[in-house]
Amino acid sequence: MPEYSPSSLIAALLSGGKARLSPAFAFGLLLLAIVPPGLATAQEKKAPVDRIRAEDRDYWFFKPLTDPRVPAVKDAGGWARNEIDQFILGKLEPKGIAPAPAADARTLIRRAYFDLTGLPPSHEEIQAFSKAYAANPDGAVADLIDDLLESPQYGERWGRIWLDLVRYGESNGYKADEYRPHMWRYRDWVIRSLNADMPYDQFVRWQLAGDEIAPDNPEALTATGYLRLWPYESNQRNAPSQWNIILEDITDITGSVLMGVSIGCAKCHDHKFDPIPRDDYFRMQAFFTGVYPHDTMATTPAERAAYDAQQAKWETATAEIRAEMDRMLEKPRQSAAAGQVKQFSPELQALYHKPEAERTPLDLQIRMLIQRQVDISEAKADSKLKDETKKRYTELQEKLKSFDNLKPKPVNEIYAIRDIRPDIPPARILDEPERQFRPGFLTILDPGDASLPKPAERPKDSSGARTTFANWVTRADNPLSTRVIANRLWHYHFGIGIVESANDFGKQGYLPTHPELLDWLARRLPAEGWSLKAMHRLIMNSSTWRQASVTEPGAAAEENDPDNHLLWRQRVRRLEAEQLRDATLASSRELDPKMGGEGVTGEDTKRRAIYQRLMKNPRTLFLNTFDGPDGFNSCSRRDVTTIAPQALMMLNNGFLTQRARQIASLAAAEKDDAGAIDKAFALTLGRQPTGEEESQARDFLAIIREEIAKPATPPAAAPKPEPKVKTTAFKGFPETSFTGGQAVNIQPDSLYEKIEIRDLPRPEGDTFTVEAVLNLDSLYPDASVRTIASRWNNSGDLSVDSYGWSLGITSEKSKYQPANLIVQITGQDTAGNPRYEVVASDLRIPKQTPYYVAAVVEVGAGKDGGTVTFHARNLADPKATTQTVVVPHSFTGPVSLPERRLFLGGRDAPHHLFDGAIARFRLSNRALETKELLIGEQPATDALVDANFTQPALTEKLVRAEPEAGAKVASKPADPRLNSLLDLSLALLNSNEFLYID
């Protein structure tokens, strides 16, 4: 190729010269001209301090905190209440902009409640505050702020903010996204600490190094859960790469959250915009290279000693039982472990088997990732036991349970961190292992290596590296971290920070609108003892915070600051997803105030949203729809989108409809429409309607009632269809100890296409047992299912309204293979979201053979889903034994709707019908033990339904369903007044006044 100098090449490309180059080739040459090969390498050979330009050193964020004087302002109207107001006026007055007047009492209390608790005030609280505000505005606001700061809901609101920042989640992420059952204890620690007004420096130091700073304090250990929020892929075979990803995740998040720098941009090369050499990335990472996951107990030394003593008693009493069980599992475990280790590369296999004395700290960390996968395989070793060995192992398990009374009481298990060894590994570049880095801070602030504590000054098993970093990042004169937290406090009271890009104060972020105020606040926080609550008081007692958000701007504001950067008025903010959900529950007076505990699943829970289980994949419905955080990246500011699914959910979502129904019920208790309208407004908006609103509401109610009262036009009467298949309704069936000599003859398009079962004494719930004795005549030629029994309509809609279950047998073209006994479920999964799942047994049910089948459906307790235990036995073979298989599923919450109709031989919809004889059907509202089944030694007698077709007739609770039967969920007759108030309540919940904070 011809030679081009960089200048001639650029000139040719920019001027449209005659150089005949393809666009792609020209672009590649342009890059080479701008960044010649070897430049980055040559640059990195220089010392980091020599790679920072003079103009970069002058960038405001990396310079020391200033000590700004509070500006002298004219303030002719006496608007300023504190120094914050003087800083704001100092920017407004030179531009001739006047601040907005104070908001009214209702606006202020609503703003304060959402700012500090994330919840709306009640109508009664608004009235009381309005009265106090009229008498003494400053005193009323100050008292209100003090009360809210002492409210336990303060920690829930600001805990949610912190959890956003640290990308909190209760699962591993990636495709499998396994649940982390103890991660919630970190969430509760955050809430407790904020409610107690833990000094911010201690709050940060404990999260970074609580195990080193206060190793005997269970609260400090729990705080290190911050360092356990990394994503984890449980089947990743490249363990070194995964460990590198974990260290990068910790480094990147810490840089963004605590230091306000996009330090991750420097992991591959010197930062392109900020004065952060590549070395700095790894110097900072070196503070964390010693981390090692520590699954432990949140106990004091005395509590742990008592626990261990009681555990020793249990171990002594059960030693022989456990030894026998271990001997039975020894070979299966060895086989499982060997098979799992072979999945890794030869180099990693050699590392895994390396003698312990030869293992480096890094070896131990990588081996730990391999061992996790080995442990998962070994835990399944008992599934490999067969026949008599399996039977004996089951007997030992039952025997072991008899000693449960000797076990110590459960204690709080936590995900914590410790150092792998005092000699932590250096930070390394994965593809340049010869380059190693010791702990150090940003070169622009401190170019030398960090000085780590001497052995006598740190716990014996720790390096003290994380404590060193924690002490540095929480220094009162640290210009990065102090500005960052001051800006965050400001952001959540005004919707935007003084620096709008709250996680990036570098050159790619926004410049501060009020740099002097930011430094003043950054100095004020340490001076207030690092008290976040003191800063809230300072900000919220200012006239700046109290301004109205809706006001005429004036000519000067329109010309000089139309976007309100200088804060001449407050900002209107939409409620966040959690605030919106909690506010609807507060309005309907249904909010469960219980605090703490394991995350609850399901959209229908009435706990606060912060206590919903937060899986990384997928997120809850409200978070998905209203711009919630993704759980993988630090979220410093929620997006605010306006999209159609938000409106559709607010109008049609079952959860919101139920809240509106409850509000309507409370309103309907009033004696007349005027009182009901007042009540609906008071509950949702915290005020009474205006005269015009009341008139509009009355007209609205009248229109709705008129629509409800209109008689429905009945469809033209159709002739009752005759069965297409002429069969007898009943047929003979082999007698057994649990069946008579008759069976109902269920066939598509026949007299008894399916049977509806009515008047159950109670619903079967979400843990139940369904049993049937049957003879299958045929399979569908396609992928349809021969349904034995169901409470489901198979609508395909994944929503609460579609929950249900079905027991059936697959057909010829099923992807689960033909004649497979299955349970189909639509219900609430471990993430709390609607889900459809086929639970297949791989037990084959042959045609023209009398068979017993059963499914014991058990939902999970909120951790890993539940199970379906299938049973099947060939009744034509006297020597046949019962086949049993346990299959896991992902459901933890509701899997049925009691109002959905229960069918035998089909679903609450056309198609997927049974074909054959059913001689016995039983439904129990609990998980039956094997001995309690129909074929068991002691059959249960408390079934909800027990249909034994000994006679050729149906009982009054078993009703023939028409061939076209299949209907929606039955609903109660319409109450015109209640339903019109429901629509009014739903309209109020959809109003901007409800959805926004002004």
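**Figure 1. The second largest cavity of the predicted model has a volume of about 90 Å³.** Its lining counts 14 residues. Among these 14, Glu578, Ala609, Gln612, Thr620 and Leu623 lie closest to the cavity centre.

**Figure 2. Two helices each give at least two residues to the lining of the second largest cavity.** They are helix 26, spanning 577-587, and helix 27, spanning 621-625. Helix 26 makes the largest contribution, with three residues.

**Figure 3. The lining of the second largest cavity mixes residue classes.** Seven of its residues are nonpolar. Five are charged, and two are polar.

**Figure 4. The largest cavity has a volume of about 110 Å³.** Two elements supply two or more residues each to its lining: helix 9 (153-165) and helix 21 (479-494). The lining residues include Trp158, Ile161, Trp162 and Leu165. Also in the lining are Ile485, Arg488, Leu489 and Tyr492. Leu194, Phe203 and Leu532 complete the set.

**Figure 5. Which residue classes line the largest cavity?** Ten of the lining residues are nonpolar, and one is charged. No polar residue takes part. Arg488 belongs to this lining, as do Trp158, Trp162 and Phe203.

**Figure 6. How many cavities of 30 Å³ or more does the structure hold?** The count is eight. The largest cavity, at about 110 Å³, is shown in Figures 4 and 5. The second largest, at about 90 Å³, is shown in Figures 1 to 3.

Technical notes. Residues numbered from 1 in each chain as written. Predicted model: local features only at pLDDT ≥ 70, side-chain atom pairs only at ≥ 80, totals over all residues. Heavy atoms only, no water. 1 Å grid on protein atoms, 1.4 Å probe; cavity = no way out; pocket = protein on both sides within 12 Å on 5 of 7 lines; lining within 4 Å. Points joined across faces, edges and corners; volume = space filled by probe spheres on them. Helix = DSSP H or I, 4+ residues; strand = E, 2+ residues; numbered from the N terminus. Nonpolar A, V, L, I, M, F, W, Y, C, P; charged D, E, K, R; others polar.
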